[in-house]
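Hi,

Here is the structure I promised to pass along. Have a look at it first, and my notes follow underneath.

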Amino acid sequence: MLKRYLGLSLLAFLVITGLAGTIHNASISKPERKTALGLLKDSRIEVLNSVKDLSVQQLKFKSSENAASVKEVIFQIAAAEKNLWQAFENAMEGQDTPDKRKDIKLTDAQLINLVEKTEININTSNALFSGYSNFKSIQEALQVFKSLRAAHIKYMKSSTEDLRNHIVEMPFGYIDCYQLCLVMAVYSNSLVEKIEKIKTDPGFPKS
């Protein structure tokens, strides 16, 4: 069964530490850093485990002509990792805009919960999956994902940048760059959910 690394324990942690409310401090705290790193690391494990020991036939299986295969979902995960971080870098390179914090409507806990349940629209006009078709194999896509995620974890371990006052406009509203890191981690795991559903299809190859 897919590990639900968010769950009640994480939401309880966010509430207990005060992270569930709207935060106005520019720099991130130790608990915030720990939360982001935990999500980034755990979701990386989920992605890699979702395709472990799958055969070529299993990776290519589609339940219907228009359905996605496991391989295609991995392509989506790698593309989303790249494009979400590009949005992050673009925002961080721009001027900080603390005046826009008033436009942020979702707390960290609310955002995580909504992305996990896919109740908000992150992808508009397939922009999030831009570059998806450039991958030549699942091995290439996985390598790109692993390299990018390792770099993002390294960044989150040591960054002292002002993540809270650089604001990003997403299809569902405004969030800060710390929250964008959370989105990236949780969204990759929501795509893993798609892979798990593919595996439960009655026609999914046994090997």
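Let me start with one pair of side chains: Glu72 and Lys62 form a salt bridge, with their closest N and O atoms 3.1 Å apart. This pair links distant parts of the chain, since Glu72 sits in helix 4 (residues 70-93) and Lys62 in the loop between helix 3 (56-60) and helix 4, ten residues apart. Glu72 has 19% relative accessibility and therefore counts as buried, the cut-off being under 20%. Lys62, at 35%, counts as partly exposed.

Please keep in mind that this is a predicted model.

Now for the overall picture. The chain has seven helices and two strands, and along the sequence they follow the pattern α-α-α-α-α-α-β-β-α. Of its 207 residues, 48% are buried. Among contacts between residues at least 6 apart in sequence, 81% join residues at least 24 apart. The accessible surface of the chain is about 10,600 Å², and carbon and sulfur atoms account for 52% of that.

Back to the charged side chains. The count of salt bridges comes to seven, and Glu32, Arg101, Asp108, Arg164 and Asp176 are linked in a network of them. Two of the pairs involve Arg164, and I think you will enjoy looking at them:

- Arg164 and Asp108 meet in a salt bridge at 2.8 Å, N to O. The pair links distant parts of the chain: Arg164 is in the loop between helix 6 (138-158) and strand 1 (167-170), while Asp108 is in helix 5 (residues 108-116), 56 residues apart. Both Arg164 and Asp108 are buried.
- Asp176 and Arg164 form a salt bridge, their closest N and O atoms being 2.8 Å apart. Asp176 lies in strand 2 (residues 173-176) and Arg164 in the loop between helix 6 and strand 1, so this pair ties together parts twelve residues apart in sequence. Asp176 is buried, as is Arg164.

Asp176 has another role to look at: Asp176 caps the N-terminal end of helix 7, with a side-chain oxygen 3.1 Å from the backbone nitrogen of Tyr178.

And what about helix 7 (residues 177-199) itself? At 1.5 Å a residue, its 23 residues should span 33 Å, and the end C-alpha atoms are 34 Å apart, which agrees. Because 19 of those 23 residues are buried, helix 7 is largely enclosed by the rest of the structure.

Happy exploring, and do write back with any questions.

Best wishes

Methods. Residues numbered from 1 in each chain as written. Predicted model: local features only at pLDDT ≥ 70, side-chain atom pairs only at ≥ 80, totals over all residues. Heavy atoms only, no water. Helix = DSSP H or I, 4+ residues; strand = E, 2+ residues; numbered from the N terminus. Expected span 1.5 Å × (residues − 1). Buried < 20%, exposed > 50% of the residue type's maximum accessible area, 1.4 Å probe, protein only. Polar contact = N/O pair within 3.5 Å; in protein donor to acceptor, adjacent residues only side chain to side chain. Salt bridge = Lys/Arg side-chain N within 4 Å of Asp/Glu carboxyl O. Contact = heavy atoms within 4.5 Å. Areas by Shrake-Rupley, 256 points an atom, 1.4 Å probe, with all protein chains shown as cover.
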